[in-house]
Amino acid sequence: MDRTSAILACGVTIFLCGAICNRTRQALERAGIKVIPWLTGTDCQVLEGFLRGGLAELAMPGVTV
C-alpha cells in the first residue's frame with residue numbers, strides 16, 4: 001500500500017506537516033486531502049493552532065498559511 005492509500009484508509013481529510021515534497025503533496029491533493037505544509041512546532045502546538053485557527057503563527061519564515 002502506498003502512503004496516499006494508507007493515509008486515506010485512516011480517514012484523513014487534512015494533512016498538517018512541515019516539509020513535504022511536491023510529488024507527495026500533489027498525490028495527496030489529487031486524492032482529495034487538503035495539505036497545509038511548512039508548519040513548525042510540536043505536534044501539540046500544530047494541532048492546537050489548527051483547532052483555534054492560528055496556523056499562521058506556526059508557518060515557517062516566508063510562508064503564508
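## Glu29 and its partner

Let's start with Glu29: this residue is partly exposed, with a relative accessible area of 36% (buried means under 20%, exposed over 50%, and partly exposed in between, using a 1.4 Å probe and protein chains only). Arg25 is partly exposed too, at 27%. The side chains of Glu29 and Arg25 meet in a salt bridge, 3.1 Å from N to O (a salt bridge is a side-chain nitrogen of Lys or Arg within 4 Å of a carboxyl oxygen of Asp or Glu). Both residues sit in helix α2, residues 22–30, and they are four residues apart, about one turn of the helix. Helices here are DSSP runs of H or I with at least four residues, numbered from the N terminus.

Before going on, keep in mind that this is a predicted model, where local features need pLDDT of at least 70, side-chain atom pairs count only at pLDDT 80 or more, and totals for chains, interfaces and linings use all residues. Residues are numbered from 1 along each chain as its sequence is written, and side-chain values use heavy atoms, leaving out hydrogens and water.

## A salt-bridge network

How many salt bridges are there by this rule? The count comes to three. Besides the one in helix α2, Glu48 pairs with Arg52 at 3.7 Å, N to O, and Arg52 also meets Glu57 at 2.6 Å, N to O. Arg52 is partly exposed at 47%, while Glu57 counts as exposed at 56%. Since they share partners, these salt bridges join Glu48, Arg52 and Glu57 into one network.

## Two nonpolar cores

Now for the inside. The largest nonpolar core has six residues: Ile7, Cys17, Ile20, Leu28, Ile33 and Val35. Such a core is a set of buried Ala, Val, Leu, Ile, Met, Phe, Trp, Tyr and Cys residues joined through side-chain atoms within 4.5 Å. A second, separate core has five residues, including Ile36, Leu39, Leu55 and Leu58. In soluble globular proteins, nonpolar side chains tend to be buried together.

What does Val35 touch, leaving aside its neighbours within four places in sequence? Val35 is in contact (heavy atoms within 4.5 Å) with Phe15, Cys17, Ile20, Arg25, Leu28 and Glu29. Those last names include both partners of the helix α2 salt bridge.

## A nonpolar patch outside

Some nonpolar residues are on the surface instead: Ile14, Leu47, Phe50 and Leu51 form a patch with about 370 Å² of accessible area together. Patches are made of residues with over 30% relative accessible area and no salt bridge, with nonpolar side chains (Val, Leu, Ile, Met, Phe, Trp, Tyr) joined within 5 Å and like charges within 9 Å. Areas come from the Shrake-Rupley method with a 1.4 Å probe. Helix α3, residues 43–51, gives the largest share, three residues. Leu51 lies in that helix and counts as exposed at 66%.

Definitions and conventions: Helices (H or I, at least four residues) and strands (E, at least two) are DSSP runs, numbered from the N terminus.
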